[in-house]
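Open the model in your viewer and keep the sequence panel beside it. The tour goes stop by stop, with something to select at each one.

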Amino acid sequence: MTERLRGLYVITEDRRCGPEALRGAVQAALHGGARIVQYRDKGSDPTRRLAEARTIADLCRTQGALFLVNDDVDLAVAAMADGVHLGRHDQDVATARSRLPASGLIGVSCYDRFDMALQAEAQGADYVAFGSFFPSPTKPNAVRAGPELLKRARHELSLPTVAIGGISPENGAALVRTGADMLAIISGVFAAPDITAAARAYSNCFTIAEESHP
């Protein structure tokens, strides 16, 4: 399944819009070319969160996209997600792996630290994420990562890499050329007036990078 870890990776905004509105937003992103969808919601209503996660899981299956859940392994299992994404303060890879199905994917946020990426790879993660590469409206105080992390990852890691943080259609192709296998976008897609058009613009970064690669 790791060969599918390439392309536009969208992360849902933490908002209380209900399963149907969320479904419409995710469907629009998928129509624009999103290949991976992460459900991110820090709310305390487990019933709502499960309903939303299952709605997105069903939609992703019909569209051939991967569906991941942020932080919550129990929710990922209950929603029959393809995997989970872990941050700095979440459980470790081994614990998550023991609770997921054998085919479950695990991604790990590594911020601006290559040593965390090496550790994640050694522990059996399926991909790593670096960022923020640019100022981000979602996490304005996030640490900044440089393109050298992507270059190093391309040469020293066997895992796909995600670039996240303040990425635009104008700067995304350069990150792909440098070494990013996926571009993770939140507000750049879901806060856009036309979600499908925004997703298509980001998806086009991969075509641009391939066409301009020497």
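How do the residues of the lining of the second largest pocket divide into nonpolar, polar and charged? Keep that question for the stop at this pocket. Bear in mind throughout that this is a predicted model.

**Whole chain.** Start with everything shown as a cartoon. The chain holds nine helices and eight strands. Its C-alpha atoms fill a box of roughly 45 × 40 × 35 Å along the principal axes. A compact globule of 214 residues would have a radius of gyration near 17 Å, and the chain has 16 Å, so the two agree.

**The barrel.** Now select the strands. Eight of them close into a barrel, in the order 1-2-3-4-5-6-7-8, and the pairing is parallel. On average, neighbouring strands of this sheet are turned by 25° against each other, with direction ignored.

For a single pair, select residues 105–111, which are strand 5, and residues 127–131, which are strand 6. Four bridges join these two strands in the parallel sense. One residue to click on is Ser 109, whose bridge partner in strand 6 is Ala 129.

**A helix on the barrel.** Select residues 46–63, which form helix 2. This helix lies across strand 2 (36–39) and strand 3 (66–70). Its direction is at about 175° to that of strand 2.

**The largest pocket.** Next, select Arg 40, Ser 109, Tyr 111, Lys 139 and Ile 164. The largest pocket has a volume of about 730 Å³, and of the 37 residues that line it, these five are the closest to its centre: Arg 40, Ser 109, Tyr 111, Lys 139 and Ile 164. Ser 109 is thus met again here, after its bridge to Ala 129.

Elements that give two or more residues to this lining include strand 1 (7–11), strand 7 (161–164), strand 8 (182–185) and helix 8 (187–190). Strand 6 gives the largest share, four residues. By type, the lining of the largest pocket has 17 nonpolar, 14 polar and six charged residues.

**The second largest pocket.** Move on to the pocket with a volume of about 190 Å³, the second largest. Of the 13 residues that line it, those closest to its centre are Gly 87, Val 108, Met 116, Gln 119 and Gln 123. Select helix 5 (114–123) and strand 5, which each supply at least two residues of the lining. Helix 5 gives the most, with four residues. The opening question can now be settled: the lining of the second largest pocket divides into five nonpolar, five polar and three charged residues.

**Two backbone details.** Show the backbone as sticks and select Gly 131 and Ser 132. A cis peptide bond joins Gly 131 and Ser 132, with omega of about 25°. Ser 132 lies in the loop between strand 6 and helix 6 (147–156).

Last, select Asp 71, in the loop between strand 3 and helix 3 (73–78). Asp 71 is not a glycine, yet it has a positive phi of about 75°.

Conventions: Residues numbered from 1 in each chain as written. Predicted model: local features only at pLDDT ≥ 70, side-chain atom pairs only at ≥ 80, totals over all residues. Heavy atoms only, no water. Pairing = 2+ DSSP bridges. Axes fitted to C-alpha atoms, helices over the stretch in contact; angles between N-to-C directions. Contact = heavy atoms within 4.5 Å. 1 Å grid on protein atoms, 1.4 Å probe; cavity = no way out; pocket = protein on both sides within 12 Å on 5 of 7 lines; lining within 4 Å. Points joined across faces, edges and corners; volume = space filled by probe spheres on them. Nonpolar A, V, L, I, M, F, W, Y, C, P; charged D, E, K, R; others polar. Rg over C-alpha atoms; globule rule 2.2 N^0.38 Å.
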